[in-house]
Each structure stands twice: as structure tokens, then as C-alpha cells.
Amino acid sequence: MDTIILGIESSCDDTSAAIIRNGVMLSNVITNQDVHREYGGVVPELASRAHERNIIPVVHAALTRAGIEKEQLSAVAFTRGPGLMGSLLVGTSFTKGFAAGLNVPMVDVNHLHAHVLAHFIKEHEEDDNQPKFPFLCLLVSGGNSQIILVKAYNNMEVVGQTIDDAAGEAFDKCAKVMGLGYPGGPVVDKLAKEGNPNAFTLNKPHIPGFNYSFSGLKTSFLYLLRDELKKDPDFIEKNKADLCATLQATVVDILMNKLRKATKEYGVKEVAVAGGVSANSGLRQAFEDHAVKYGWKIYIPKFAFTTDNAAMVAMAGYFKYQDKQFCGMDATPYSRVEI
Ligand code: KG4
């Protein structure tokens with residue numbers, strides 16, 4: 001019998017629903033929330049209100065596009081955390097009502113787990129380019145920077161993580177002080193293509209083990225601007241591309257350094273990248289270079305699966321469903337969690 005999972009993602013500012021049948025994606029509908037743009041960051045209260053408006057039409061569209069009737073669903077998987085509490089509550093509450101109405105089990109999914117398992121989404125039956133266990137996954141997003149040792153679908157260990165800001169946060173905050181809008185990561189990426197990555201020098205952290213730190217880099221970037229703006233008020237405008245190229249190269253270098261160390265420590269050559277920052281062209285290129293230089297077998301997600309999406313939630317839900325790991329009606333969302 002087919003296993004058909006509806007996935008629901010509402011952890012931050014994207015409302016998404018997807019259908020996966022026997023591990024193959026049939027639909028993945030994502031509604032972004034433009035309402036935050038003018039505030040330069042996600043406003044939690046506005047995000048939960050937008051989720052409330054979006055969730056029913058998004059689920060309806062996911063079912064329609066997949067050509068699946070809701071009565072055919074085997075289970076409903078939803079992001080339980082981490083994320084914004086109000087946003088998570090919308091997805092969790094919807095799932096409870098929907099699953100109860102259909103009399104199917106609920107599967108709670110860890111959002112970070114889901115980002116890693118996005119690598120197993122099949123768009124076609126014959127897709128077979130999936131990481132082999134154990135593999136290392138660099139998970140880099142607006143809220144997380146982690147190195148995860150993935151031993152099995154439902155068995156992961158965080159071997160390193162940021163002790164302060166995430167890589168995406170560093171991109172976004174540095175972009176903000178340059179007046180590049182929100183989210184700044186993609187803009188930095190675009191401008192970096194025209195700039196010189198060695199134009200300036202930024203501080204790199206000295207943190208033991210496989211952990212990361214990006215707060216010092218942010219401060220170093222801020223001080224560079226402060227000092228140079230004193231000499232020339234048009235400094236940012238004149239050096240935007242070089243500033244972006246330097247910032248991007250430094251972030252990528254910090255990320256790859258620790259990841260390289262981790263591959264040596266764990267004797268792993270299967271290496272994946274996931275999360276919003278995995279869309280970054282400099283990081284993607286660094287992965288390609290490492291594949292050649294160190295013999296890594298690399299897994300870089302399609303752009304559609306780098307940002308928050310419900311296909312990855314449905315995929316993670318599919319693996320938990322197979323292990324019969326369901327949750328009850330008393331499941332409450334969590335805003336912070338370790339894998
Ligand atoms: O995983 P994600 O969609 O969600 C959150 O963690 O909220 O990641 C969003 C992050 C943002 O910080 C955004 O600036 C960053 O991913 N990002 C990028 C690029 N595309 C998205 N950072 C650098 N280069 C990009 N091309």
C-alpha cells in the first residue's frame with residue numbers, strides 16, 4: 001500500500017505544504033510573506049497571522065497539484081520546532097485538527113532534521129543521488145550553523161555549532177549596515193560576483209573543536225566601515241562589491257575550515273550542505289573545489305530545497321512514519337532545540 005504524507009512547514013515566515021508518496025515528491029507549495037520586507041526582518045506576530053491566512057489555501061493547493069484526495073493520506077507531518085512559537089502554533093494546531101478529522105497519525109518533525117533529510121527527496125522515482133551513511137552535513141541558515149554527523153535517517157549527532165550568531169545572520173546583519181535590504185544574503189552573493197575577495201581583511205574566530213562563531217566577524221566588519229566612513233562618507237557605495245566579496249569569502253572560509261577538520265576526524269568523505277545559506281554561490285563553489293581537492297562526494301541541494309519548504313518536512317515525516325514514530329494530540333511546539 002502507498003504511504004502518502006502531507007508535510008506542513010510554518011516555522012518562520014514561509015507557509016508551505018507538500019505531498020510525498022513513497023518518498024517521491026508530488027507537490028511542494030510555498031507562500032512567502034512579503035509583509036516583513038519593510039521592517040528589515042521577520043516580525044513574529046505578523047508571521048503567525050499570515051500563516052493563519054495562508055495555511056488552508058496552501059494545503060488545498062498541495063493536495064490538488066499532487067492529485068491526491070485528503071482521504072488518501074497516511075499521516076500528516078508538521079514542523080514542531082525549532083522556530084517562532086506563534087508560527088509553529090499555527091502549523092501544529094492545523095495539523096491536529098486535520099489529522100483528527102481524517103483519523104490519521106501525526107508525525108512531529110524537527111526542522112533541522114528536515115533540512116538534512118531534504119537530500120533524500122526524490123523528484124522522480126528513479127532519482128538515486130542520495131548521501132550514504134554516515135555522512136557529514138553542514139547546516140547553514142539564518143538561525144543555525146551546525147556540522148551534523150548523520151548516522152541514519154533518524155539518528156544524527158551535532159558535532160559542531162555556532163556559539164553565537166549563525167552564518168546567515170552574519171550575511172544579513174552586515175548587509176543591513178551596508179543598506180542592502182532584507183534578507184541580505186542573496187544580495188551579498190550577487191554583488192560579491194563583481195568584487196575582489198581579498199580587498200579587505202576581516203577577523204576570523206579562533207574557537208576550539210568544530211564550533212563556529214560569527215559575532216567577531218560582524219564586529220570586525222562594522223569597525224572597518226566605521227573607520228573607512230570617517231575618511232570617506234561614500235566608502236560603502238564605492239566599495240560595495242569588494243565588501244561583499246570579502247565578507248562572503250571570509251564566511252565561506254570559516255565554514256569550510258571546520259568542516260574539513262570534521263571530515264578528517266570522522267573519516268568521512270560523503271559531505272552535504274543544507275539550509276538557506278547553501279544557496280550561496282561562493283559556498284557551492286567551495287564544495288565543488290573540495291570535492292576535487294579532497295576527493296569528497298558532495299551533495300548540494302537544488303535551490304528549491306535550500307530555503308524552508310514542506311517537502312523536506314514530509315520526507316522527514318515519511319522516515320519517522322516507517323519507524324512508527326507518531327506523536328499525540330498533546331504535542332506542543334518548541335522554539336529551541338538541539339538535534
Ligand atoms: O534556512 P533559511 O531559509 O531560513 C532561516 O533560517 O530563517 O535561511 C535563510 C538565510 C538568510 O539568512 C538568508 O540571507 C540566507 O539564508 N541566504 C543566503 C543566500 N540565500 C539565502 N545567504 C548567502 N547567500 C545566498 N545566496
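The paragraphs below describe the ligand site of this predicted model and then a nonpolar patch on its surface.

The ligand is surrounded by 18 residues, of which Gly-142, Asp-172, Asp-189, Gly-276 and Asn-280 are the closest. By residue class, this shell comprises 10 polar, 5 nonpolar and 3 charged members. Two helical elements contribute to the shell: helix 4 and helix 5, the latter spanning 185-192, each provide at least two of its residues.

Several polar contacts can be followed from the protein to the ligand. At Gly-276, one of the closest residues, a backbone N or O atom lies 2.9 Å from an oxygen atom of the ligand. The backbone of Gly-143 likewise places an N or O atom 3.3 Å from an oxygen atom of the ligand. Asn-280 takes part through its side chain, a polar atom of which lies 2.9 Å from a nitrogen atom of the ligand. On its own, the ligand has 560 Å² of accessible area, and the protein covers 86% of this.

Helix 4 also leads to the surface patch. This helix runs over residues 167-177 and includes Val-177, which joins Leu-222 and Tyr-223 in forming a nonpolar surface patch of about 260 Å². Is Val-177 buried or exposed? Its relative accessible area is 38%, so Val-177 is classed as partly exposed. Membership of a patch requires over 30% relative accessible area, and the 38% computed for Val-177 satisfies that condition. Helix 4 thus has a part in both regions: it supplies at least two residues of the shell around the ligand, and it contains Val-177, one of the residues that make the nonpolar patch.

How values were computed:
Residues numbered from 1 in each chain as written. Predicted model: local features only at pLDDT ≥ 70, side-chain atom pairs only at ≥ 80, totals over all residues. Heavy atoms only, no water. Patch = residues over 30% accessible without salt bridge, like charges linked within 9 Å, V, L, I, M, F, W, Y side chains within 5 Å. Areas by Shrake-Rupley, 256 points an atom, 1.4 Å probe, with all protein chains shown as cover. Salt bridge = Lys/Arg side-chain N within 4 Å of Asp/Glu carboxyl O. Helix = DSSP H or I, 4+ residues; strand = E, 2+ residues; numbered from the N terminus. Buried < 20%, exposed > 50% of the residue type's maximum accessible area, 1.4 Å probe, protein only. Near = heavy atom within 4 Å. Polar contact = N/O pair within 3.5 Å; in protein donor to acceptor, adjacent residues only side chain to side chain. Nonpolar A, V, L, I, M, F, W, Y, C, P; charged D, E, K, R; others polar.
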